[in-house]
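The exercises below are meant to be worked through with the sequence and the coordinates at hand. Each task is followed by a solution in steps.

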Amino acid sequence: MWVSKDTWNILSHFTLRRSINAILVVVSFYIAKWFKLTFHPAMPIAISIEPTTSCNLRCPECPSGLRSFTRPTGMLELGNFKQCIDTIAKDIWYILFYFQGEPYLNPSFLEQVAYAKKRNLYTATSTNAHYLTSEMAKKTVESGLDRIIISIDGVSQDTYEQYRVGGSLSKVIDGTKQLLYWKKELQSSTPHIIFQFLVVAPNEKDIPAVIELGSALGVDEVRLKTAQIYQYEQGSPLIPTQEKYSRYKRMSDGSYRLKNALDNQCWKMWHQCVITWDGKVVPCCFDKDAHYSMGNVFTHSLYSIWNNTSYRDFRAQLLTSRSSIDMCRNCTEGTKIWA
């Protein structure tokens, strides 16, 4: 079976301790699923950490773009990041520098990546690519970043800006070219470059073309992603007409519902968590406003937070009545698509 360089790279970051921890995570998840036990003896395998909530774009289904946060906007400080990573690096192996906002707006973002690489962590980020100048692309490759997800939601400016409001498709393409140039110039196999295409009604006609564009430029992958719509029940102009590209199913009366069932289980609650720029630990990326904060890693260790009363109570509620949790009602885990 063919295995990509990126997959080998991910696997290369496993150590004996991380491997044992990963096994405990899987075992713990199935014990919780079958017996409804909430104690979790392992640490998360992966974390998402938020460099900033600031963003240069105005995407219509994004709290950063809408400027609709109830939590403060700010930047993850390098010192706080190092403090957090130093306590958990032996157990986690994957760190995504993204939650909300545009990571490259944080002046110390690539320093944070480089520090995580020193701790032998697999590093990834997601960006709108508007700040990938030649200098920044070079620094990105030199930082050791393992994976970069570039949002490209159209192959024409007219289509692209219908979702990426305020954005420039030419900047995305130019930034991608700069990254590819510096990978070659520095003879680096990383970062693994992914074009991510968020499928919405205005751009679904461009799917074949974006796959062709990715191939022509030489990116490593093109991925299609379904879009989360906040007010989906009565439809939205953003919901794709082709159901296979949508998280929602159109009913006979014209209303919409989630395609997947809300089973009383969630793999994310056992293998990862999200850390906001100001240190709050939240259960997953659906908690955009950090309503379910379990603690703060700048004042308490993630080890103590991961199994504290708040986290265990949340897992217990999820295992018995997931639909009673607000953020879970629009959860579409398992409905992503790939090109």
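## Exercise 1: The sheet and its inner strands

In this predicted model, I47 has C273 of strand β9 standing opposite. Starting from this pair, describe the neighbours of strand β1 and then the sheet to which the strand belongs.

**Solution.**

Step 1. Consider the side of β1 that faces β9. Strand β1 covers residues 46-49 and strand β9 residues 272-275; the two are parallel and share four bridges. Besides the pair I47 and C273, I49 is found opposite I275.

Step 2. Turn to the other partner. Strand β2 (residues 94-97) is also parallel to β1, and four bridges join the two. Here I47 stands opposite I95.

Step 3. Examine the side chains of β1. A46 and S48 lie on one side, I47 and I49 on the other, and all of them are buried, so that both faces of the strand are covered.

Step 4. Place the strand in the sheet. The sheet is open and has eight strands, in the order β6-β5-β4-β3-β2-β1-β9-β10, with mixed pairing. The edges are formed by β6 (221-226) and β10 (281-282); each has a single partner strand, and therefore one side of each has no neighbour in the sheet.

## Exercise 2: Strand β4 and its connections

Which strands pair with β4, and in what sense? Determine also how the chain arrives at β4 from β3.

**Solution.**

Step 1. Take β3 (residues 122-127). It pairs with β4 in the parallel sense over four bridges, and T125 has I148 of β4 as its bridge partner.

Step 2. Follow the chain. From β3 it passes through helix α6 (residues 134-143) and then enters β4, a β-α-β crossover that is right-handed.

Step 3. Take β5 (residues 192-199). This strand runs parallel to β4 and is joined to it by five bridges; the partner of I150 in β5 is F195.

Step 4. Check the burial of β4. Strand β4 spans residues 147-151, and five of its five residues are buried. R147, I149 and S151 point one way, while I148 and I150 point the other way.

## Exercise 3: Cysteines and an enclosed space

How many disulfides does a search of the whole structure find? Consider the surroundings of C284 and the cavity that C284 helps to line.

**Solution.**

Step 1. The search yields zero disulfides.

Step 2. Test C284. The closest cysteine sulfur belongs to C285 and lies 5.0 Å from the sulfur of C284; because a disulfide requires the sulfur atoms to be within 2.5 Å, this pair is too far apart for a bond.

Step 3. Assess burial. C284 has 6% relative accessibility and counts as buried. C266 is likewise buried, with a relative accessible area of 6%.

Step 4. Locate the cavity. One cavity of 30 Å³ or more is found in the whole structure, and the largest cavity has a volume of about 50 Å³. Its lining residues include C266, C284, C328 and C331. By class, the lining has eight nonpolar, no polar and one charged residues.

Step 5. Compare with an open space. The second largest pocket has a volume of about 390 Å³. Its lining comprises 18 residues, and Q228, Y230, F286, D326 and M327 lie nearest its centre. Seven of the lining residues are nonpolar, five polar and six charged. F286 and M327 also appear in the lining of the largest cavity.

## Exercise 4: Unusual backbone geometry

Where in the chain are Q187, P191 and A290 placed? Describe the backbone at each position.

**Solution.**

Step 1. Recall the usual case. Most residues other than glycine have a negative phi, and most peptide bonds are trans.

Step 2. Inspect the loop between α8 (169-185) and β5, in which P191 lies. The peptide bond from T190 to P191 is cis, with omega near 5 degrees.

Step 3. Remain in that loop, which also holds Q187. The phi of Q187 is positive, near 50 degrees. At 75% relative accessibility, Q187 counts as exposed.

Step 4. Move to A290, in the loop between β10 and α11 (302-306). A290 is not a glycine, yet its phi is positive at about 55 degrees. A290 is buried, with a relative accessible area of 8%.

Technical notes. Residues numbered from 1 in each chain as written. Predicted model: local features only at pLDDT ≥ 70, side-chain atom pairs only at ≥ 80, totals over all residues. Heavy atoms only, no water. Buried < 20%, exposed > 50% of the residue type's maximum accessible area, 1.4 Å probe, protein only. 1 Å grid on protein atoms, 1.4 Å probe; cavity = no way out; pocket = protein on both sides within 12 Å on 5 of 7 lines; lining within 4 Å. Points joined across faces, edges and corners; volume = space filled by probe spheres on them. Nonpolar A, V, L, I, M, F, W, Y, C, P; charged D, E, K, R; others polar. Pairing = 2+ DSSP bridges. Right-handed = clockwise from strand over helix to strand, strands pointing away.
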